[in-house]
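Open the model in your viewer and keep the selection panel at hand. The stops below go from pockets to a cavity, then to a helix pair and a sheet.

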Amino acid sequence: MLPHFRSVAIVGKYMDESALHHMREDLTRLTRHLRSHGLHVCVEERTANFVDEEGIQLSTLEHIGRKSDLVIVMGGDGTMLSVGRALRDTPAPLVGINRGRLGFLTDLQTDNMLGEIDKILQGEYQLESRMLLQSEVTRAGKYIHQTVALNDVVIKSAFRLIELEVHVDGLFVSQQRSDGLILTTPTGTTAYGLSAGGPIMHPDLAAISIVPISPHTLSYRPITVPAKSVIEVIVVHAADAQISFDGQGQYPLMAGDHIRIARAEQEIRLVHPKDYCYFDMLRNKLNWG
């Protein structure tokens, strides 16, 4: 085993007890297997309720990244997004075991997870960094909300067209009426941005894609800018408008609000199997020939 993987954490789909119940057997099997190798194993406190193993150490999600050399996440992409954001200030890398649907971020399957985890612990892995977006909402000159996103920041109205003014690095780009706007990292281009007609960007690219959602004027097309860019979106007209982050956190918006989106200082580190290939993953998940 590698010295820097002596302490391993396990996090299941901690926000969903029903999902954890269905993972009980796999969570228990994984915990016992890691402990049998003499590793220090820590389990997220809500996940631990569904692990049939005595004497395991529990931790909150907020502290788990500081106690562990590797965090194993069992769930789908949504769980990986949530855990990634929570651990963004820690050096612990993440590896995902897929218990969701598509699984663009979760490489391992439960039927062979123990063998694949053993290979990773023996040093047979790839390490990859993924950029985050920092988002800040200002109202009447005061900061009212800020957070980060691994996939995307989405500005939209639930019921009708929203009017937005977009600036990049202080330069006016457009004023558009649409169902909304997606600001996406390369990681997020296989999520909402893809269904809205945006490009797929390789995760090694340092870029941000601006993707309109059903624009009123069809000539509005997705545009990709360097990751060093600062994007400002001004809400010109909004009815029931909101901003969301990775589809998991929502915050109401008002006309006149300013949203600033830029690359965050933090990054998320992902561990992939040694034979991982991004294009193989796309081909399998998107059913390409």
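Which element gives the most to the lining of the second largest pocket? Select α7, because the tour of this predicted model starts there. The answer is α7 itself, with four residues in that lining.

**Stop 1: the second largest pocket**

Show D107, P273, Y276, M281 and N284, which lie nearest the centre of this pocket. They belong to a lining of 14 residues, and the space inside comes to about 290 Å³. Add β6 (108-109) to the selection: along with α7, β6 is one of the elements that give two or more residues to this lining. Coloured by class, the lining shows five nonpolar, four polar and five charged residues.

**Stop 2: the largest pocket**

Keep α7 (278-285) on screen and add α1 and α4 (77-86). These are the elements that give two or more residues to the lining of the largest pocket. Which of them gives the most? It is α4, with four residues. The pocket holds about 570 Å³ of space. To find its centre, select G76, D77, G78, R101 and G103, the closest to that point among the 31 lining residues. By class the lining divides into 13 nonpolar, 12 polar and six charged residues.

**Stop 3: the cavity**

Now look for enclosed space. How many cavities of 30 Å³ or more are counted? The count is one, and the volume of the largest cavity is about 30 Å³. Select its lining: G84, L87, R88, T90, A92, L94, E267, I268 and R269. Strand β18 (residues 258-273) supplies the largest share of this lining, three residues. In classes, the lining has four nonpolar, two polar and three charged residues.

**Stop 4: a helix pair**

Two packed helices are described by the angle between their axes and the distance between the axes. Select helix α1 (residues 17-36) and helix α5 (residues 113-121): the angle is about 35 degrees, and the axes are 11 Å apart. The crossing of α1 past α5 is right-handed. For the contact itself, show side chains on both helices. On α1, pick D26, R29, L30, H33 and L34; on α5, the residues they meet are M113, L114, I117, D118 and L121. Six of the contact residues are nonpolar, one is polar and three are charged.

**Stop 5: the sheet**

Strands of a sheet pair through backbone hydrogen bonds, either parallel or antiparallel. Hide the helices and follow an open sheet of six strands in the order β14-β13-β12-β9-β16-β17, with antiparallel pairing. Why is one side of β14 and of β17 left without a neighbour in the sheet? Both β14 (223-226) and β17 (249-252) stand at the edges and have a single partner strand each, so one side of each stays unpaired in the sheet. From one strand to the next, the twist averages 20 degrees.

Finish inside the sheet by selecting strand β9 (residues 152-157) and strand β16 (residues 241-245). The two run antiparallel and are joined by five bridges. For one of these, centre on I155, whose bridge partner in β16 is I243.

Conventions: Residues are numbered from 1 along each chain as its sequence is written. This is a predicted model: local features need pLDDT of at least 70, side-chain atom pairs count only at pLDDT 80 or more; totals for chains, interfaces and linings use all residues. Side-chain values use heavy atoms; hydrogens and water are left out. Axes are lines fitted to C-alpha atoms, for helices over the stretch in contact, and angles run from 0 to 180 degrees between N-to-C directions. A crossing is left-handed if the near helix is turned anticlockwise from the far one by less than a right angle, and right-handed if clockwise. Contact means heavy atoms within 4.5 Å. Ala, Val, Leu, Ile, Met, Phe, Trp, Tyr, Cys and Pro count as nonpolar, Asp, Glu, Lys and Arg as charged, and the others, Gly among them, as polar. On a 1 Å grid over the protein atoms alone, a cavity is a set of points where a 1.4 Å probe fits but cannot get out, and a pocket is an open set with protein on both sides within 12 Å along at least five of seven lines; lining residues have an atom within 4 Å of a point. Grid points are joined across faces, edges and corners, and a volume is the space filled by probe spheres set on the points. Two strands pair if DSSP finds at least two bridges between them.
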